[in-house]
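Subject: Structure for you to look over

Dear colleague,

I am passing on the structure we spoke about, and I would be glad if you would read the notes below with it open beside you.

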Amino acid sequence: MSTALAAAAAGFGTGLSLIVAIGAQNAFVLRQGIRRDAVLAVVGICALSDALLIALGVGGVGALVVAWPDALTVVGWVGGAFLLGYGLLAARRVIRPGTDALRTDGEAAGSRRRAVLTCLALTWLNPHVYLDTVFLLGSIAADRGSLRWTFGLGAAFASLCWFAALGFGARLLSRCLTRPAAWRVLDGLVAGTMITLGVLLVAGA
């Protein structure tokens, strides 16, 4: 294996290990994929955002993230409040199921604009994204010397593969979620994830 290919593979593996962990963003992409609602837009936002953050980290911006703890605190408060709000909305769907489920014609209900704005908020209002993607990946990439951008490219490709698989592959679960009770279980998991992460962000801000 060539040195460049090894660096790209290392970036791919490192990036995937950070992205695959269960979180608010992954839960949202999964739900949008199952509903088939603005999947391409959501996957594109997640992948492009990660690519930009990884590029900032590889470019050496990670030190600025650590140097501005007050900015991360503000992001933590705002992001935590947003997650709590989204989690409570998901909890309300569990208690009072509505029409926010998969339609029989295979198209999901919901607003593309709302999905895009929610995805942007879940991506950019999470301080852990900056610490993990910008600082951590950037620090690891710096050890690669002249191959740091190759490492970053591998990490960005891992993000693209993961979100595409999660968003477009989620539709395979749609048959299992044709019953309202199944959607209540999914929304319960989403609510639990969002509220827990929201509380952790606010408490740690």
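In what follows, a contact means heavy atoms within 4.5 Å. Please keep in mind throughout that this is a predicted model.

With that meaning of contact, glutamine 25 is a convenient place to begin: once its neighbours within four places in sequence are left aside, glutamine 25 touches Cys46, Thr123 and Phe163. Glutamine 25 belongs to helix α2, which covers residues 24–35, and because its relative accessible area is 16%, below the 20% under which a residue counts as buried, glutamine 25 is classed as buried.

On charged pairs there is little to list, since the structure holds 1 salt bridge. The side chains of arginine 35 and aspartate 37 meet in a salt bridge, with a distance of 3.1 Å from N to O. Both partners are covered by the protein: arginine 35 is buried at a relative accessible area of 3%, and aspartate 37 likewise counts as buried, with 6% relative accessibility.

The surface offers something of another kind, namely a nonpolar patch formed by Val74, Trp77 and Val78, which together have about 290 Å² of accessible area. Valine 78, one of the residues in this patch, lies in helix α5, running over residues 69–95. Valine 78 counts as partly exposed because its relative accessibility is 42%, a value that falls between the limits of 20% for buried and 50% for exposed.

With best wishes

Methods: Residues numbered from 1 in each chain as written. Predicted model: local features only at pLDDT ≥ 70, side-chain atom pairs only at ≥ 80, totals over all residues. Heavy atoms only, no water. Patch = residues over 30% accessible without salt bridge, like charges linked within 9 Å, V, L, I, M, F, W, Y side chains within 5 Å. Areas by Shrake-Rupley, 256 points an atom, 1.4 Å probe, with all protein chains shown as cover. Salt bridge = Lys/Arg side-chain N within 4 Å of Asp/Glu carboxyl O. Helix = DSSP H or I, 4+ residues; strand = E, 2+ residues; numbered from the N terminus. Buried < 20%, exposed > 50% of the residue type's maximum accessible area, 1.4 Å probe, protein only.
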